[in-house]
Amino acid sequence: MRTSVLVFFFCLLSVSVFAQEDDNSASSIATDRPTQTTSPYVIAPRLFQIETGFYQQQTNQLGVNFPNGVDFKFQNIVYNSLLLRYGISDKLELRLNQEFGRTRELIDDVITEQSDASFGPTTIGVKYQFVEEEGWRPAVALNGHVGGQFLSSGGGITGDLRVNFQNNISDKFNISYNVGIILIENSRNVGLWTLNLGFTVSPKLTVFLEGYGFKDNVSSQQSIDFGLLYLLSPNLQIDFFGGFAMSELAPDSLFGFGISTNIAKRK
């Protein structure tokens, strides 16, 4: 675990160094983290953006499936959730997703089983914005990824496809929402939905409240999360978030934090 934490904080340090070195050449930042909702907007051409962070999900089961009121917890811990974005044109960007983490089980708050820290599926993809916002018509983009476990011993192909929408109600308030599907080899396809309410408190601070869910043909998970995004500089942002379940099968709790920056390609 110590090695995994060091890997995460090395990534944070690298992001900070890049931001300081290229602060004068970078564009003001807008990120797709930490929400489940993906914005329909792409980053500027020739801009490289790094979005990275930590999160933990926990599912609690008290006395239902275990005798004598045993307190069982299952945790999914991601030490580094990484998204890399590169702007190709005013409407198109390239994307790469990678996670590094582990799962563990606890009984009465004692760790009884723990997986090795490992890389999750690596996916590459694009986001293409094909509709501009006009009046009540939202901005719309198509966002998709495909990949597999290239950096780990596991196999399998995974992918996702979603349509992203956003309405800017005012200079301070926006509504963004997604619908889509997650594809996993040798597994059931999973439908997804998200609805995010964002409010700009000040030029540096934005807060959000979000509902989201996942559903296949045998189960459904619905959750809610909330958090804040704070600009340390025009191209350096930190975020903090938490959440909880809105249905029985969803993880009971979620919390995390992250940091993002962008770097303009020198001419």
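Here a trainee and a mentor talk through the empty spaces in a predicted model.

Mentor: Ground rules: residues count from 1 along each chain as its sequence is written. Local features need pLDDT of at least 70 and side-chain atom pairs 80 or more, while totals for chains, interfaces and linings use all residues, and side-chain values use heavy atoms, without hydrogens or water.

Trainee: Why is the space of about 40 Å³ called a cavity?

Mentor: On a 1 Å grid over the protein atoms alone, a cavity is a set of points where a 1.4 Å probe fits but cannot get out. The structure holds one of 30 Å³ or more, and its volume is the space filled by probe spheres set on points joined across faces, edges and corners.

Trainee: What makes Gln57 a lining residue of the largest cavity?

Mentor: Lining residues have an atom within 4 Å of a point, and Gln57 is listed with Tyr212, Phe244 and Leu254, among others.

Trainee: Which strand gives the largest share of that lining?

Mentor: β13, with three residues. Strands are DSSP runs of E, at least two residues, numbered from the N terminus. β13 spans 236-245, and β12 (220-233) and β14 (253-264) also supply at least two residues each.

Trainee: How do you know that Gly243 counts as polar there?

Mentor: Ala, Val, Leu, Ile, Met, Phe, Trp, Tyr, Cys and Pro are nonpolar, Asp, Glu, Lys and Arg charged, and the others, Gly among them, polar. The cavity lining has six nonpolar, four polar and no charged residues.

Trainee: What makes the second largest space of its kind a pocket?

Mentor: A pocket is an open set with protein on both sides within 12 Å along at least five of seven lines. The second largest holds about 780 Å³, and Ala30 and Gln166 are among the residues nearest its centre.

Technical notes: Helices (H or I, at least four residues) and strands (E, at least two) are DSSP runs, numbered from the N terminus.
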